[in-house]
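Here is a friendly walk through the packing of this chain, from its core to its helix pairs and a few backbone details. Have the model open beside you as you read.

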Amino acid sequence: MISLEKFKCIFCNEAEAGYYCEECRSSFCLRCAQEKNEEYVFCGSCGSKEIQQEKDKNSKIIQKCLECGSVYVRTGMKKWKLCPNCNSSMVKNILDKRVELNNAFQKNIKDLIYGYELLQDFSRRLKETRKRLVFLRHRGYLHYPQMEETLTLLFQEIVAIKKKIESRAQQVSNAVTAQLVDFSYPDNWSPHNFPQIQTAIDRITADINEYKRYAKDLMAKPENRLEEVVRLVKLLNFHWKHFEENRENIDLEISEKPVAAIPSVKYVGSSFLGLDKCKGILLFTDKRLMFLREKGIRNKSYSKHFEFPLKNFQFGIEGAILKKVFFENLQGDLKFSASKNILEAIGKYFELAKNFGLNSIKDDQQIKKLESQELTLDDLKRELNKKILNIFTPKIKEPIQELTAKPTFPNITYGSTRKPINRLIVNKATPPNIDEIQRKEMFFWKSKKFSTEQLLKKIDELWQRGEIPVEEYFKRIKSLNEELYLIDKKLKELEVQSETII
């Protein structure tokens, strides 16, 4: 039950404290609070406080709004509550302060789910990358054979990281529970406890932030490895897109493997071909070198310009400033120009295409192993939510021993020929452990109801004496009536449960 003494004004020790000073930590009532009034001007049209004085056409000084230009300026009165002890204006309504502390507490505790959210996002991207890679592998894009092994290890590593995050979350949960052992029910927080609660929340915030940093550090290396695989898969997807769009022009053989499609390349001439210079796409497979000519500006289309077997060509670069690449065989050479980065990529892909058998995945078992990897995080989410719920569940103190009635049992003399009383069979006594739990819970909610009713009476008395503003009166009355409704509902549920057991 809430101790009403904790809510009394520390100055008059009569009225209920309604305000709390964050400077000196005093709690005081409306009657003891001091006020500071200050006039201010604002625009009557748009509400802006950006007002300046100007001279009109008649050299008369007027006030004008800088936002909308209106001269309809009004005067208002701003009121501050001041602490009667230190004269500070850092004064808050006690209910607002309690809500502020409770919101900070809840926000931090709910961040325990952060570890799951971090893994969930990583798991989603990991599975999407696997799906796309398997799709490309089945279509002959066998580059970068180490990707399967990397993704398989990541699936296995996340299982271990999941256990570490759950273990660290349990440590944080235990620390939070220990710090809030006396402050587990926010509605009972009094102004006297606010400094201790704020200190506890600060420690909880530090623990939660450390937990989040720990989870991030665990995921740093897996994130880097996944990012590298995602980059390579996007690169393969880029090549697949160009090969797919020009499938009819390329006409891959059954055993032929696509290697690279490089757009924005210009064919600039040949020592043995009499074809026109043009811009287009240079393509490599493990057997051929092809060039598709680009036509059109907006609606682009492509046609095959030429193709040659790849194995007889040698690669080279010529020019000091305006560099070109050339492919040379016994017939002559083919020359191309492009940007610096694209020229470097052409050389790398040419070498990859010529040695594709040595730089491609050969074992289908690696793909099958990757496809078989399973990863579920539902168990982690369930455990973290349990920890959060456990922290939010109020810790009910033991009721006074004298108020707990013990079940009575009739005395039975053994060896007697008299039959047992029938009511022992019909009226089964409630097991002591269930009865004890019900008594504790009923005691807690009845105590809370009494406290709420007393607060309602005090607020009504303040209203009748004119010691509480209208806005605050209705705000507090609404909140307490809602709370009283929920308490009555809970008590009815407990009564129904008790009748069902009996």
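Contact here means heavy atoms within 4.5 Å. The model is a predicted one, so please read everything below as computed from it.

With that cut-off in mind, let us begin at Phe 105. It touches Val 176, Leu 180, Trp 189, Ile 201, Ile 204, Ile 391 and Phe 392, leaving aside residues up to four places away in sequence. Phe 105 also belongs to the largest nonpolar core, which has 89 residues. Together with Leu 282, Phe 284, Phe 327, Phe 336 and Ile 346, Phe 105 touches the most other members of that core. Helix α4 (residues 194-245) supplies the largest share of this core, 17 residues. Apart from it lies another core, made of ten residues, including Ala 15, Cys 29, Ala 33 and Cys 83. As background, nonpolar side chains tend to be buried together in soluble globular proteins.

Now for two helix pairs, set side by side.

| Helix pair | Axis separation | Angle |
|---|---|---|
| α1 (residues 94-110) and α4 | within 9 Å | roughly 20° |
| α3 (residues 146-179) and α8 (residues 378-392) | 10 Å | about 0° |

How do α1 and α4 run relative to each other, parallel or antiparallel? An angle under 35 degrees counts as roughly parallel, so the crossing of roughly 20° makes α1 roughly parallel to α4. The crossing of α1 past α4 is left-handed. On the α1 side, the contact is made by Ile 94, Lys 97, Arg 98, Leu 101, Ala 104, Phe 105, Asn 108 and Ile 109. From α4 come Phe 194, Ile 197, Gln 198, Ile 201, Ile 204, Thr 205 and Ile 208. By type, the residues of this contact are ten nonpolar, three polar and two charged.

The second pair, α3 and α8, is likewise described as roughly parallel, given its angle of about 0°. Among the α3 residues in this contact are Lys 162, Glu 166, Ala 169 and Val 176, while α8 brings residues including Asp 379, Leu 384, Lys 387 and Ile 391. The division here is five nonpolar, three polar and five charged.

Finally, two backbone details may interest you. Asn 13, in the segment before β1 (19-21), has a positive phi near 55° although it is not a glycine. Asn 87 sits in the loop between β6 (73-82) and β7 (91-93), and its phi, near 60°, is also positive in a residue other than glycine. Asn 87 is partly exposed, with a relative accessible area of 47%.

Notes. Residues are numbered from 1 along each chain as its sequence is written. This is a predicted model: local features need pLDDT of at least 70, side-chain atom pairs count only at pLDDT 80 or more; totals for chains, interfaces and linings use all residues. Side-chain values use heavy atoms; hydrogens and water are left out. A nonpolar core is a set of buried Ala, Val, Leu, Ile, Met, Phe, Trp, Tyr and Cys residues joined through side-chain atoms within 4.5 Å. Buried means under 20% relative accessible area, exposed over 50%, partly exposed in between (1.4 Å probe, protein chains only). Helices (H or I, at least four residues) and strands (E, at least two) are DSSP runs, numbered from the N terminus. Axes are lines fitted to C-alpha atoms, for helices over the stretch in contact, and angles run from 0 to 180 degrees between N-to-C directions. Angles under 35 degrees count as roughly parallel, over 145 as roughly antiparallel, 65 to 115 as roughly perpendicular and the rest as oblique. A crossing is left-handed if the near helix is turned anticlockwise from the far one by less than a right angle, and right-handed if clockwise. Ala, Val, Leu, Ile, Met, Phe, Trp, Tyr, Cys and Pro count as nonpolar, Asp, Glu, Lys and Arg as charged, and the others, Gly among them, as polar.
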